[in-house]
Amino acid sequence: MANISGDGQRFGRAPDRPLGAEHWAAEQEVIGPGLQAVMLWSQLCVQSASGAVLTDVDGNEIIDFQGAGGVNSIGHANQRLIDALTAELATAPAGAFGSAGRRAMAESLREFLPPPLDRIQLYSGGTEAVEAALRLAKSITGKHEFLSFWGGFHGKTLGSLALTAGARAGLGPLPSGYFSAPYANCYHCPLKTTFPGCGYACVETVRDTIKENSTGALAALVVEPVQGRSGNVVPPPGYLNALSSVAREFDALLIVDEMMTGFGRTGEPFAYMRDEVRPDIVTVGKGMGAGYPVTGVISTAELMAAAPFSDPSASSSSFGAFPLACRAVATVTDVLVDEDLPSRVAKVGAGMLAALEPLVDESPLVGDVRGAGFAIGIELVADKAARTPLDKPAFRETFLKLVDAGVLVMTGGTTLRLYPPLTVDPELADEAVEIIRRVLIDGVAPQSTTGTEETA
């Protein structure tokens with residue numbers, strides 16, 4: 001890449017990107033609307049990728065901390081995954097039969113899944129797995145109501161959309177039996193309290209919400225251990241345990257949606273382990289396949305035996321257990337274990353967080369920095385005292401400044417969300433952090449007053 005800054009910096013985008021502009025225009029002649037905001041804003045067209053680095057069609061190199069929202073768990077073009085999928089593709093049948101890939105996955109997961117979780121059913125998309133989890137909960141409990149949380153995201157099909165409070169405008173009517181309560185977002189506490197003095201007031205609100213809304217048919221609480229869409233919001237210690245107690249009180253299950261956080265992203269195999277809670281059902285995906293589209297529902301043999309979920313063909317998926325999907329899961333799991341990636345993520349992620357936290361004092365735009373492992377959020381505000389979100393045009397401009405400086409991130413609301421691959425080189429992570437710091441301190445975007453773009 002041509003040096004755009006004159007200081008020998010490797011990463012960044014040149015202002016003139018003719019091949020990218022032509023490429024993007026050609027795609028848009030066919031591709032429909034509704035793509036992710038980060039794609040639309042950056043108009044990034046990738047030629048190749050390796051590890052945590054993208055090279056666009058004009059030869060610019062960018063550090064990828066967007067990682068497809070956490071999908072890129074073991075790095076782009078990971079050689080072990082390439083070799084495993086290449087070999088599997090040469091012999092793999094089209095169908096979810098017993099296969100060498102599925103047996104390898106079973107053997108890998110047997111050592112990786114925390115007890116008592118010992119069964120997995122595979123699917124091909126996150127929302128599909130969430131819908132399956134709802135069916136499983138109904139089968140186990142014989143009940144049909146679900147409680148989810150403000151700011152969460154669980155998918156865009158009918159049941160998962162009903163769980164996704166705050167993102168359903170214009171998409172009704174929704175199925176009955178779904179209600180929601182505030183999440184433990186301590187930076188924007190909806191109850192205007194402060195932890196720990198609040199005594200988990202938001203959990204008491206969950207209890208009250210159930211009492212006021214349920215007909216006595218609550219099947220499960222559905223919760224993310226770290227809320228991704230809202231900006232990698234990390235609840236206080238003990239929160240999941242408190243929710244588990246509420247679920248038991250109402251003879252309901254606890255479903256933990258680990259789509260974003262599972263398979264090592266927060267520094268543990270699964271993020272719920274930070275609270276030492278035992279969920280009944282866990283949904284997983286994204287990083288589990290490291291780029292291969294595979295998701296899953298995890299539970300116990302006893303719970304998964306419940307009918308009608310366990311009836312033949314009742315919980316299958318056309319592509320869910322194809323050999324390539326199974327081989328991807330087996331390989332990713334083996335890499336996580338062999339390289340002890342969760343422990344590595346905990347150490348490197350803590351260092352990144354420590355380097356970014358001073359931005360709250362150093363940057364006029366940064367209101368909060370939070371995270372767990374390699375799920376980090378930098379929330380941008382217009383007014384620090386009032387915690388007023390930065391307006392969308394100014395947020396978009398800041399995002400683009402970062403891309404042009406050489407770091408691609410995910411967004412959520414007005415939060416910059418960082419999802420490095422779990423294998424990222426610590427020196428490269430340091431370089432990305434320094435670029436982010438430089439942009440947010442020295443290259444801040446001006447406050448704008450118009451615009452309605454949404455982030456995702």
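## Helix packing, strand pairing and unusual backbone geometry

Helix 4 and helix 11 are roughly antiparallel to each other, because their axes cross at roughly 155 degrees and angles over 145 count as roughly antiparallel. The model is predicted. Two packed helices are described by the angle between their axes and the distance between the axes. Here the axes come within 9 Å. Helix 4 covers residues 79-91, and helix 11 covers residues 323-338. The crossing of helix 4 past helix 11 is right-handed.

The contact draws on residues of both helices. Helix 4 contributes Arg80, Leu81, Ala84, Leu85, Glu88 and Leu89. From helix 11 come Pro323, Leu324, Arg327, Ala328, Thr331, Asp334, Val335 and Asp338. By residue class, this contact holds 8 nonpolar, 1 polar and 5 charged residues.

Strands 1, 2 and 3 are linked by antiparallel pairing. Strand 1 (residues 46-50) runs antiparallel to strand 2, and 4 bridges join them. Ser48 stands opposite Thr55 of strand 2. The two strands form a hairpin with 2 residues between them. In this hairpin, Gly51 adopts a positive phi near 65 degrees.

Strand 2 also pairs with strand 3 (residues 61-65). This pairing is antiparallel as well, with 3 bridges. Thr55 stands opposite Glu61 in strand 3. Thr55 of strand 2 thus has a place in both pairings, opposite Ser48 and opposite Glu61. The hairpin of strand 2 and strand 3 has 4 residues between the strands. Gly59, in the turn, has a positive phi of about 90 degrees.

In a regular strand the side chains alternate between the two faces of the sheet. Strand 2 (residues 53-56) is covered on both faces. Val53 and Thr55 are buried on one side. Leu54 and Asp56 are buried on the other.

Strand 8 (residues 253-257) is likewise covered on both faces. One side carries Leu253, Ile255 and Asp257, and the other carries Leu254 and Val256. In total, 5 of its 5 residues are buried. Strand 8 pairs with strand 7 (residues 218-223) in the parallel sense, over 4 bridges. Val256 of strand 8 is the bridge partner of Val223.

Helix 9 packs against this region. Its buried residues are Tyr239, Leu240, Ala242, Leu243, Ser244, Val246 and Ala247. These residues pack against strand 7 and strand 8, and also against strand 5 (145-149) and helix 8 (201-213). Helix 8 contains Ala201. Ala201 counts as buried because its relative accessibility is 18%, and the cut-off is under 20%. The C-alpha atoms of Ala201 and Cys189 are separated by 9.9 Å. These two residues are 12 residues apart along the chain.

Unusual backbone geometry appears in several loops. Most residues other than glycine have a negative phi, and most peptide bonds are trans. Asp251 is not a glycine, yet its phi is positive, at about 55 degrees. This residue comes just after helix 9, in the loop between helix 9 (239-249) and strand 8. Asp251 counts as exposed because its relative accessibility is 59%, and the cut-off is over 50%.

Ala290 is not a glycine either, and has a positive phi of about 50 degrees. Its place is in the loop between strand 9 (281-284) and strand 10 (295-299). Ala290 is buried, with a relative accessible area of 14%. Asp251 is therefore exposed, whereas Ala290 is buried.

Two cis peptide bonds also lie at prolines. One joins Pro115 and Pro116, with omega about 5 degrees. Pro116 lies in the loop between helix 5 (100-112) and strand 4 (119-123). Another cis bond joins Ala307 and Pro308, with omega about 10 degrees. Pro308 is found in the loop between helix 10 (301-304) and helix 11. Helix 11 is the helix that meets helix 4 in the contact described above.

Notes
Residues are numbered from 1 along each chain as its sequence is written. This is a predicted model: local features need pLDDT of at least 70, side-chain atom pairs count only at pLDDT 80 or more; totals for chains, interfaces and linings use all residues. Side-chain values use heavy atoms; hydrogens and water are left out. Axes are lines fitted to C-alpha atoms, for helices over the stretch in contact, and angles run from 0 to 180 degrees between N-to-C directions. Angles under 35 degrees count as roughly parallel, over 145 as roughly antiparallel, 65 to 115 as roughly perpendicular and the rest as oblique. A crossing is left-handed if the near helix is turned anticlockwise from the far one by less than a right angle, and right-handed if clockwise. Contact means heavy atoms within 4.5 Å. Ala, Val, Leu, Ile, Met, Phe, Trp, Tyr, Cys and Pro count as nonpolar, Asp, Glu, Lys and Arg as charged, and the others, Gly among them, as polar. Buried means under 20% relative accessible area, exposed over 50%, partly exposed in between (1.4 Å probe, protein chains only). Two strands pair if DSSP finds at least two bridges between them.
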